[in-house]
Every structure is written in C-alpha cells, then in structure tokens.
Amino acid sequence: TQLAGHVIVDDYVILGGFTGVHQFCQIGAHVMTAVGTVLLHDIPPYVKVSGSPAEPHGLNSEGLKRRGFSSEALAGLKRAYKTLYRSELTLEEAKVQLAQQTADCAEVRIMADFLNRSKRGIVR
C-alpha cells in the first residue's frame, strides 16, 4: 500500500495489497479496499471499495460482524448506505437524510460526521 502525504486513516481499516491513496484523502473507520485499488477521493466509514479509480461495493458487513456490531446497527448502516449510494439523491440531500437517521442508529452519526468534514469529495 502507498499513502501519499497528509492521508488520514481511521481505525480498523483494511487496505488490500497495492492500494494507492492520493494525498489529502481520508479513509473512514472500518473501510476495506480490494487489491489494486486507487483512492482519489475520501471513503466514508464502513464501506468496501475496489477499482481504479475506486468505486463503492457495499458495506464491510463481514468485518463489522467480526468487530461485534449488533444486527440493529448493521441494519441501520445498510439503510444509510442505501441512502448515500442507491437513492439517487445528491450528496447534500443524502446528508440531510443521514442526519435524520442518526436518531435511530448511533453508528450512522460517525458516517454523517465524516461526510460533513470531507473536503476531497467521496467515492461515489
């Protein structure tokens, strides 16, 4: 894995072999990248990505289960993932929806906070 300057990698991230990360990118907690992934944008927490450039491929559900996330938390995060990636909302519209979902699932707050501080844009 190669990390350019000023990269932020949160806790429990798994970077596949030959992953390249552009400078100033942020990688959220519990992210997993596949082998040969090229990251040009930030990756929100809990997301799996692969490709060159990276594209999202669902939640890191297996990793979250192994880390002890409850079935309720997983359900809330799946809902948040669908809001962010499958609802055809703009990023700003998705942020509003996610803010509302934080009342039902505390783990979604981590994702919402990450999106609010992202400066490079996110893998989408």
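**Exercise 1. Describe the salt bridge that joins the side chains of Arg109 and Asp113.**

Solution. The side chains of Arg109 and Asp113 form a salt bridge with an N to O distance of 3.3 Å, where a salt bridge is defined as a side-chain nitrogen of Lys or Arg within 4 Å of a carboxyl oxygen of Asp or Glu. This is a predicted model, in which local features need pLDDT of at least 70 and side-chain atom pairs count only at pLDDT 80 or more, while totals for chains, interfaces and linings use all residues. Residues are numbered from 1 along each chain as its sequence is written, and side-chain values use heavy atoms, with hydrogens and water left out.

The next step is to place the two residues: both Arg109 and Asp113 lie in helix α4, four residues apart, which is about one turn of the helix. Helices (H or I, at least four residues) and strands (E, at least two) are DSSP runs, numbered from the N terminus.

The last step is accessibility, for which buried means under 20% relative accessible area, exposed over 50%, and partly exposed in between (1.4 Å probe, protein chains only). Arg109 is partly exposed because its relative accessible area is 37%, and Asp113 is partly exposed because its value is 33%.

**Exercise 2. Find which parts of the chain are linked by the salt bridge of Arg117 and Asp10, and by that of Asp104 and Arg79.**

Solution. Begin with the total, which is five salt bridges in the whole structure. In one of them, the side chains of Arg117 and Asp10 meet at 3.6 Å, N to O. This pair links distant parts of the chain, since Arg117 is in helix α4 (residues 106-117) and Asp10 is in the loop between β2 (8-9) and β3 (20-21), 107 residues apart. Arg117, at 37% relative accessibility, counts as partly exposed, and so does Asp10, at 25%.

Turn now to the side chains of Asp104 and Arg79, which meet in a salt bridge at 3.4 Å, N to O. Here too the pair links distant parts of the chain, with Asp104 in the loop between α3 (91-101) and α4, and Arg79 in helix α2 (residues 71-85), 25 residues apart. Asp104 counts as exposed because its relative accessibility is 63%, whereas Arg79, at 44%, is partly exposed.

**Exercise 3. Work out how β7 is joined to β5 and to β8.**

Solution. Take β5 (residues 32-33) before the hairpin: two bridges join β5 to β7, and these strands run parallel. Two strands pair if DSSP finds at least two bridges between them. Within this pairing, Met32 stands opposite Lys48 in β7.

On the β8 side, three bridges join β7 to β8 (residues 55-59), and the two strands run antiparallel. Val47 stands opposite Leu59 in β8, while Ser50 has Glu55 as its bridge partner. The hairpin of β7 and β8 has four residues between the strands, and in this hairpin Gly51 takes a positive phi near 105°.

Finally, compare the two faces of β7 (residues 47-50): Val47 and Val49 make up the covered face, and Lys48 and Ser50 the uncovered one.

**Exercise 4. State the order of the strands in the open sheet that contains β1, and explain why one side of each edge strand has no neighbour in the sheet.**

Solution. The three strands of this open sheet follow the order β1-β3-β6, with parallel pairing. The edges are β1 (2-3) and β6 (38-39), and each has a single partner strand, so one side of each is left without a neighbour in the sheet. Looking at one pairing in detail, two bridges join β1 to β3, and the bridge partner of Leu3 is Val21 in β3.

**Exercise 5. Count the disulfides in the structure, and decide whether Cys25 is buried or exposed.**

Solution. A disulfide is a pair of cysteine sulfur atoms within 2.5 Å, and a search of the whole structure finds zero disulfides. Cys25 counts as buried because its relative accessibility is 1%, and Cys105, at 6%, counts as buried as well.
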